[in-house]
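Reader: Could you walk me through this model, feature by feature?

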Amino acid sequence: MKTKCCFIIPFFSNNVPDYFDLWAQSAGMNNEIDFLIFSNLDFNVEKYKNIKVIKMDFKEVQQLIKEKLESLLNMKIKINAPYKLCDYRPAYGLVFNEYIQGYDFWGFCDIDVILGKISSFINDELFENYDKLFFHGHFSLIKNNEKMNMIFMKKYPKVMDYEFSFTTNYPCHFDENGTLAFISKYEEDIRVYFKWVFIDVDYESYQTKHYWHGSDSCYIWENGRLTYYWDNAQKSEEIMYVHLQKRAMRRNFPDERLRFAIYRDEFIGLENESAGDILALPLDEAKEADFYKRRKKKRREGYINAIKKGAIKNKIYRKKNHILKDVDMNAFN
C-alpha cells in the first residue's frame, strides 16, 4: 500500500487500558499505517515504529481545539470531558493539521478493538476512488485535503450539525450521526466506501456474538490476521477488526501472544486449540452473572450522567429538527 495514512487517537485517563498491549500488537503489525496517540499516559510502544505517542494532557487538547475552532466558527465551544472528543473527530483534520502533513488520508479509531490485517480490505485503488472510507467512530479514514477537512461545517436537512454538537457537553455522536456520516447523501462529488468487514460485538450480550448471526462466536487473532467463527465453528471469515465496545476483558496469559482467542469476556492464549475447542468451552455462570450485573450498573450510571450533561435538551433538539438517527447504507456507492 503506497497511500500514506494515519489514525489520530486522543486518549486521556488515569490508567493504561487493560488490553492496550494487545491492541498495540495488532496495530503494530499494520506497519503501513501510522497511529498517532495524543495522551497523558506513558505507553510502552517503542518497539512499534508505526505507533507514535505525543505527550499532551487533556487541558492542552481542550485549548488546541478551542484555538483552532472558536474563531473560525465564531462560537464558544464546550468540551468538558475526554469522551466528548468523539464529537470533534470530524474536525481532527483541521485541529491536528500540523501533525498530519504528508499523509494522504487521516482517520480515527478506537483502542477497544483488535485489528486484523487492514491491507487485506483496504488498498490503493479504494484510496484513489473514494474520499472517505467507512463511517463509524471506531474506524474511519478521510482524504487529507482542504475540502474534506472543512466539510464538517456543512449543514444538511435533518442531520445533526456542528453548531449544536459543539455547544453542549452532552455527547451527540456527531462523528457517526452528523454531517460527516451523511455527506454521500448530499454531496454528489464525494464518494464514501463502506462494507461490513468488521464485527461490532453485541453490547448487551455476554456472548461475543454478532448482532446479525445471533449464535455464540469467537475470534482468533494469529500473526496479524483476525478470523471470526460462528455456528459452532462451521462458518468463518477473515475480518478487518472486532470492536469490543469497552467490554471488560480478562486474559489467561500475561504477555503478548502470536495466537489468541477472543471469547465472551476473555482473551485466551492458544497453542493447538481450534475455534471449535473454544466454542465448546462450558459456560461459567458466575462470570456471566457478573457481566450482566456490571452492565446493569453501567447502564444506570449512564442514564444519570446523560441527564446531567444535557440529554433532555438533546432529545428536544432532535425531535424538533427531525434529526435522522441512522445512516442509510444504500447511500454509499
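Author: Gladly; we will go through strands, cores and helices in turn. This is a predicted model, in which local features need pLDDT of at least 70, side-chain atom pairs count only at pLDDT 80 or more, and totals for chains, interfaces and linings use all residues. Residues are numbered from 1 along each chain as its sequence is written, and side-chain values use heavy atoms, with hydrogens and water left out.

Reader: Let us start with sheets. What is the strand order in the open sheet of six strands?

Author: In general, strands of a sheet pair through backbone hydrogen bonds, either parallel or antiparallel. Here, helices (H or I, at least four residues) and strands (E, at least two) are DSSP runs numbered from the N terminus, and two strands pair if DSSP finds at least two bridges between them. The order in this open sheet is 12-11-10-15-16-14, and the pairing is mixed. Strand 12 (235-239) and strand 14 (250-251) are its edges, each pairing on one side only. Inside the sheet order, strand 15 (residues 259-263) and strand 16 (residues 266-269) run antiparallel, joined by four bridges; Ala-261 has Ile-268 of strand 16 as its bridge partner.

Reader: Which strands are joined to strand 7 by bridges?

Author: Strand 4 (residues 105-109) runs antiparallel to strand 7, with five bridges, and Phe-108 has Ser-140 as its partner there. Strand 6 (residues 132-136) is also antiparallel to strand 7, through three bridges, one partnership being Lys-132 with Ile-142. Strands 6 and 7 form a hairpin with two residues between them. As for burial (buried means under 20% relative accessible area, exposed over 50%, partly exposed in between, with a 1.4 Å probe and protein chains only), four of the five residues of strand 7 (residues 139-143) are buried.

Reader: Which residues have the most contacts inside the largest nonpolar core?

Author: A nonpolar core is a set of buried Ala, Val, Leu, Ile, Met, Phe, Trp, Tyr and Cys residues joined through side-chain atoms within 4.5 Å. The largest has 87 residues, and those with the most contacts inside it are Trp-23, Phe-35, Leu-69, Leu-133, Phe-134, Phe-139 and Phe-166. Helix 2 (residues 58-73) gives the most to this core, with six residues. Another core, of 18 residues, lies apart from it and includes Ile-239, Met-249 and Phe-260.

Reader: Now helices. Why do the buried residues of helix 11 line one face?

Author: An α-helix has 3.6 residues a turn, so residues three or four places apart point the same way. In helix 11 (residues 311-320), Ala-311, Asn-314, Tyr-317 and Arg-318 are buried. Seen down the helix axis, these buried residues fall within an arc of 125° (taken from the directions from the axis to the C-beta atoms), so they line one face of helix 11. On the other side, Ile-312, Lys-313, Ile-316, Lys-319 and Lys-320 are exposed.

Reader: What do the buried residues of helix 11 pack against?

Author: They pack against helix 6 (162-165), helix 7 (174-177) and helix 10 (285-309), where contact means heavy atoms within 4.5 Å. Helix 10 has Phe-291, Arg-295 and Ala-306 buried, and helix 11 is among the elements covering its buried residues.

Reader: How many residues does helix 10 have, and what span does it reach?

Author: The expected span of a helix is 1.5 Å times one less than its number of residues. Helix 10 has 25 residues and reaches 36 Å from its first C-alpha to its last, close to the 36 Å expected. Just after helix 10, Gly-310 takes a positive phi of about 120°.
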